[in-house]
Amino acid sequence: MCEAALGRAVEEAKMRCEALEDRLIKTLKKFPSSSSPWKTTLFRLIRSELSFLNRYSLSLSCDSTNSHSIRSSNNSNPSLSVNIGHLESVIHILQQPFITGVSRVCKPVPLSSSQKLVRKADSGASSIYVDIVCCLNGKPVWFIVSDRNPKYITWHGSSANKGLRKRIQDVLQAAQSSETLRPSSLILFFSSGLDHIVHKKLQEEFGAADLELPFPCFDCAFFDEFEDEWINIVARSYQEACILEIEINSSVSIISTPRKECTVTQTSNLLSLKHVAVDLKLGDSFCSLVSGMNCCLPDSEIDQLKDLSCGHVQFVNFDTTALIAIVSGISNGGMDKLLATEESQLRNRFKGNYDFVLGQVNSEASSPINIELTGLLAGKGGIICQSVYAEFRELLSMCGGPNEKLRANHFLNHLKVVPDCPSSRMMSLPTTRKLALKNKVVFGTGDFFHAPTLTANMAFVRAVSQTGMSLFTIEHRPRALIGD
């Protein structure tokens, strides 16, 4: 590569870095800020790449004024080696709507004590590098991302490169040893394609299968600089991308853990389903939310619950905060009555929770929560575990008003109650003040069925995220029972 071409390549790479940083900012909008600590890692990597390119550009500029041009050690023409393509591919994956629960990006995954001993004797490493730890359509997965030219992806290793086969073996062993971060499958994303011989080797030795995901073939961003009234566009094609999946439980390197059996039961007839919600005057937004859900599910749907890993999320796991938010008088027209009440009466009624309740009233006035949840829950069935059912009934008896109890009874009749059956990976987390056992049971039951947990308990979600575990959740704004 001549110096002029190298200079243009550096400037193009710098432009891609700046465009990618803007794209990352937009991508982060789909993730709750409280559950995306990995964003700092990505910003650091992008800025580090840009800093390298700026130094390289300055060095190139200085050398061009000297009599000696840039040459590599073997006197061949200089070339530019950057990591921006890899980062583009990682963010391209994060942008997709079926990617949720991201807990780690471009960071090592720690190994268990036994695995550390094996790795230390082998290479001295006590962790394994994984590009993305997340949920894909509700399933916990690990992504390995490669942007290399397919002709440089070798199967067997050398002194300079351990080879793809060895790397996959190491990652699968790490997946086996990890209790809390253990994925259901390993996803290999080769953004520039894969040689057919290597592709066949992955199929034969690891049972890799082509994964059909609706990834867009092109990715582009508009660069905020204008030259001669032209807009710069940074574009990237993924037409040649190869995406493979290795299921952990079916891999010869992984020991399968049998899942315990659960049976689903319908909630007891707290209120006859023959009564129409409108006749009960439960509220228009509440009726719209319930009618939009897939509520008429036979008991045989347990089989579909267990088969959620096939792709489309059909169920939502409700925690207690979600049930309260849906039936609360604040969410169903009671806020006008509260706002018309004297402040002294409200303070006497809600005591130390006055500011908390008033904040929820103001939030509801600006953005009604049941209208927001109607779109999220449309066409989905609802499940609750036995612990949530018992806790919700107890709270209703203590704090719920007659209208809130009617709405609760009506809604519970449209849900499936499942036994407490938290996933083994959730229960392997240590029980602490922030990781309370009752919350591990509730969220772990959703994780067992690969169903997202609808919750306002973001303190628990943050605590889980800090362990590195990917968890499929949907955040909602909190609401309280007000005795409506």
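## Strand S11, enclosed

A residue counts as buried when its relative accessible area is under 20%. With that cut-off in hand, take strand S11 (residues 381-385) in this predicted model. Five of its five residues are buried, so S11 is largely enclosed by the rest of the structure. The cover comes on both faces: Gly 381, Ile 383 and Cys 385 are buried on one side, and Gly 382 and Ile 384 are buried on the other.

S11 also has strand partners to look at. Strand S10 (residues 315-318) pairs with S11 in the parallel sense, over three bridges. Strand S12 (residues 415-418) pairs with S11 in the parallel sense too, over four bridges. Gly 382 is a handy place to see both pairings: Val 316 stands opposite Gly 382, and so does Leu 415 of S12.

## Helix H3, another enclosed element

Helix H3 (residues 84-94) gets a similar treatment. Eleven of its eleven residues are buried, so the helix is largely enclosed by the rest of the structure. The list of buried residues takes in nonpolar names including Ile 84, Leu 87, Val 90, Ile 91, Ile 93 and Leu 94. It also has His 86, Glu 88, Ser 89 and His 92 among its members.

## H7 alongside H13

Two packed helices are described by the angle between their axes and the distance between the axes. For H7 (284-292) and helix H13 (residues 369-377), the axes come within 9 Å and cross at roughly 5 degrees. Angles under 35 degrees count as roughly parallel, and H7 and H13 are therefore roughly parallel to each other. On the H7 side, the contact is made by Ser 285, Phe 286, Ser 288, Leu 289 and Gly 292. H13 brings Asn 370, Ile 371, Leu 373, Thr 374 and Leu 377. Sorted by class, this contact has five nonpolar residues, five polar ones and no charged ones.

An α-helix has 3.6 residues a turn, so residues three or four places apart point the same way. That's worth keeping in mind when you look at the spacing of the contact residues.

Just ahead of H7 sits Gly 283, in the loop that runs from strand S9 (265-266) to the helix. Gly 283 has 23% relative accessibility, so it counts as partly exposed. Its C-alpha atom is 9.6 Å from that of Asn 403, a residue 120 places away along the chain.

## Aromatic pairs

The structure holds six aromatic pairs. One of them is Phe 318 with Phe 411, an edge-to-face pair at 5.5 Å centre to centre, with 85 degrees between the planes. This pair links distant parts of the chain: Phe 318 belongs to strand S10 and Phe 411 to helix H15 (residues 402-412), and their positions lie 93 residues apart in the numbering. Both Phe 318 and Phe 411 are buried. Add Phe 286 and you have one aromatic cluster of Phe 286, Phe 318 and Phe 411. Phe 286 turns up in the H7 contact with H13 as well.

Phe 443 and Phe 460 make a tilted pair, 4.6 Å centre to centre and with 35 degrees between the planes. Here, too, distant parts of the chain are linked, with Phe 443 in helix H17 (residues 437-448) and Phe 460 in helix H18 (residues 458-466), 17 residues apart. Phe 443 and Phe 460 are both buried.

## The six-stranded sheet

Over to an open sheet of six strands, with the order S1-S2-S3-S4-S8-S5 and mixed pairing. Its edge strands are S1 (99-110) and S5 (209-210), each pairing on one side only. Inside the order, strand S2 (residues 127-136) and strand S3 (residues 139-146) run antiparallel and are joined by five bridges. Leu 136 has Lys 139 in S3 as its bridge partner.

Helix H6 (residues 196-206) lies across S4 (185-190), S5 and S8 (242-247), and runs at about 10 degrees to S8.

## Two positive phi values

The loop between S2 and S3 holds Asn 137. Though not a glycine, Asn 137 has a positive phi of about 50 degrees. At 24% relative accessibility, this residue counts as partly exposed.

His 450 is another non-glycine residue with a positive phi, near 55 degrees. It's found in the loop between H17 and strand S13 (453-455). His 450 is buried, with a relative accessible area of 12%.

Note on methods: Residues are numbered from 1 along each chain as its sequence is written. This is a predicted model: local features need pLDDT of at least 70, side-chain atom pairs count only at pLDDT 80 or more; totals for chains, interfaces and linings use all residues. Side-chain values use heavy atoms; hydrogens and water are left out. Buried means under 20% relative accessible area, exposed over 50%, partly exposed in between (1.4 Å probe, protein chains only). Axes are lines fitted to C-alpha atoms, for helices over the stretch in contact, and angles run from 0 to 180 degrees between N-to-C directions. Angles under 35 degrees count as roughly parallel, over 145 as roughly antiparallel, 65 to 115 as roughly perpendicular and the rest as oblique. Contact means heavy atoms within 4.5 Å. Two strands pair if DSSP finds at least two bridges between them. Rings of Phe, Tyr and Trp (its six-membered ring) pair if their centres lie within 6.5 Å; planes under 30 degrees apart count as stacked, over 60 as edge-to-face and the rest as tilted.
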